[in-house]
Amino acid sequence: MALDHLLAALERDATAQAEALRTEARATVAAVTREADERVAQRRRDALVSREAAVRQSTESALADARHASRRRMLDARQRLLDHVFAAAHVLFAEAVNGAAYRAVLPHHIAEALEAAGDEPALIRCPEALVPVVQPIVASQARVTVRGDPGVPPGLVVTTTDGAIEVDQTLDGRLERLRARLALAVMARLGEGGGTGA
């Protein structure tokens with residue numbers, strides 16, 4: 001009998017130990033599974049953060065490229081527009097030198113150029129049609145000679161006789177000197193016009 005009790009007690013202990021081992025194994029499996037799930041979730045979060053950063057960087061780079069390309073196209077379009085405006089102005093110059101407005105400012109243009117030449121003897125070259133207009137303006141200045149030159153664009157060029165100083169007072173030359181300021185004025189005017197049309 002005592003042996004039966006002992007065997008029954010051993011069997012109960014073995015069953016209890018087996019149950020304890022199964023419980024411990026289930027807890028271990030659950031802990032390992034939880035840890036694995038957490039690692040997988042963390043890897044997913046890390047991968048998502050990394051992917052989001054890559055997408056953000058790629059998007060920012062694409063936006064910067066698009067902005068740069070757009071700005072370049074806008075600047076090219078503005079430059080083409082300004083080139084057309086200035087080309088149209090050049091076409092009008094041949095007529096402009098015959099107008100009253102040009103003839104009214106011509107003495108000022110000549111005075112500016114002669115001031116730059118100082119007291120040196122000077123030669124004024126201009127298209128033949130302007131010679132009769134320029135000569136009376138400088139008639140009182142013996143150091144100044146006027147000569148018709150078909151190679152000079154509308155306007156005039158003043159050169160000291162030693163060639164050290166040359167002042168381009170052609171309309172082309174004056175336009176080029178004013179080009180940057182006029183370009184800003186043209187673009188500002190176009191901006192105002194575009195704003196009212198919007």
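# Exercises on burial, salt bridges and contacts

Asp 149 is buried, with a relative accessible area of 18%. The exercises below concern a predicted model.

## Exercise 1: the surroundings of Asp 149

Determine where Asp 149 lies, why Asp 149 counts as buried, and which residues Asp 149 contacts.

**Solution.**

Step 1. Locate the residue: Asp 149 belongs to the loop between E2 and strand E3 (157-160).

Step 2. Apply the cut-off: buried means under 20% relative accessible area. The value for Asp 149 is 18%, so Asp 149 is classed as buried.

Step 3. List the contacts. With neighbours within four places in sequence set aside, Asp 149 is in contact with Arg 125, Cys 126, Pro 127 and Glu 128.

Step 4. Look at the side chains: those of Asp 149 and Arg 125 are joined by a polar contact of 3.1 Å.

## Exercise 2: the two glycines, Gly 148 and Gly 151

State the element in which each of Gly 148 and Gly 151 lies, and describe how each is placed relative to an arginine.

**Solution.**

Step 1. Gly 148 is part of strand E2, whereas Gly 151 is in the loop between E2 and E3.

Step 2. Gly 148 has contacts with Cys 126, Glu 128 and Val 131, leaving aside its neighbours within four places in sequence.

Step 3. From C-alpha to C-alpha, Gly 148 and Arg 34 are 100 Å apart in space, with a separation of 114 residues in sequence.

Step 4. For Gly 151 and Arg 125, the C-alpha separation is 9.1 Å, and the two are 26 residues apart in sequence.

Step 5. Gly 151 has 63% relative accessibility and therefore counts as exposed.

## Exercise 3: the two sides of helix H3

Identify the buried residues of helix H3 (residues 131-138), and establish how they are arranged around the axis.

**Solution.**

Step 1. The buried residues in H3 include Val 131, Val 134 and Val 138.

Step 2. These valines span an arc of only 70 degrees around the axis, so they are on the same side of H3.

Step 3. The general rule is that an α-helix has 3.6 residues a turn, so residues three or four places apart point the same way.

Step 4. On the face of H3 turned away from the buried side are the exposed residues Pro 132 and Pro 136.

Step 5. The packing partners of the buried H3 residues are helix H2 (100-117), strand E1 (122-126) and strand E2 (144-148).

## Exercise 4: salt bridges within and between elements

The structure holds seven salt bridges. For Glu 35, Glu 112 and Arg 125, find the partner and the closest N and O distance.

**Solution.**

Step 1. Recall the principle: side chains of opposite charge can pair when their charged atoms come close.

Step 2. Glu 35 pairs with Arg 39, with 2.7 Å between the closest N and O atoms. Both residues lie in helix H1 (residues 2-96), four residues apart, which is about one turn of the helix. Glu 35 counts as partly exposed because its relative accessibility is 43%, and Arg 39 is also partly exposed, at 41%.

Step 3. Glu 112 pairs with Arg 174, and their closest N and O atoms are 3.1 Å apart. This pair links distant parts of the chain, with Glu 112 in helix H2 and Arg 174 in helix H4, 62 residues apart. Glu 112 is partly exposed, at 34% relative accessibility.

Step 4. Arg 125 pairs with Glu 166, the closest N and O atoms being 3.6 Å apart. Arg 125 is in strand E1 and Glu 166 in strand E4 (residues 166-168), so the pair ties together parts that are 41 residues apart in sequence. Arg 125 is buried at 17% relative accessibility, whereas Glu 166 is exposed at 53%.

Step 5. A network of salt bridges links Glu 19, Arg 22 and Arg 26.

## Exercise 5: a buried histidine and a nonpolar surface patch

Decide whether His 109 is buried or exposed, and name the residues of the nonpolar patch to which Leu 190 belongs.

**Solution.**

Step 1. His 109 is found in helix H2. Its relative accessibility is 6%, so His 109 counts as buried.

Step 2. Not counting residues up to four places away in sequence, His 109 touches Tyr 102, Gln 169 and Arg 174.

Step 3. Leu 190 lies in helix H4 (residues 171-197) and is partly exposed, at 41% relative accessibility.

Step 4. Together with Leu 81 and Val 85, Leu 190 forms a nonpolar surface patch with about 210 Å² of accessible area.

Note on methods
Residues are numbered from 1 along each chain as its sequence is written. This is a predicted model: local features need pLDDT of at least 70, side-chain atom pairs count only at pLDDT 80 or more; totals for chains, interfaces and linings use all residues. Side-chain values use heavy atoms; hydrogens and water are left out. Patches are made of residues with over 30% relative accessible area and no salt bridge: like charges are joined within 9 Å, nonpolar side chains (Val, Leu, Ile, Met, Phe, Trp, Tyr) within 5 Å. Accessible areas come from the Shrake-Rupley method with a 1.4 Å probe; for residues, only the protein chains shown count as cover. A salt bridge is a side-chain nitrogen of Lys or Arg within 4 Å of a carboxyl oxygen of Asp or Glu. Buried means under 20% relative accessible area, exposed over 50%, partly exposed in between (1.4 Å probe, protein chains only). The arc is that of the directions from the helix axis to the C-beta atoms. Contact means heavy atoms within 4.5 Å. A polar contact is a pair of N or O atoms within 3.5 Å; within protein, one must be able to donate a hydrogen and the other to accept it, and residues adjacent in sequence count only if both atoms are side-chain atoms.
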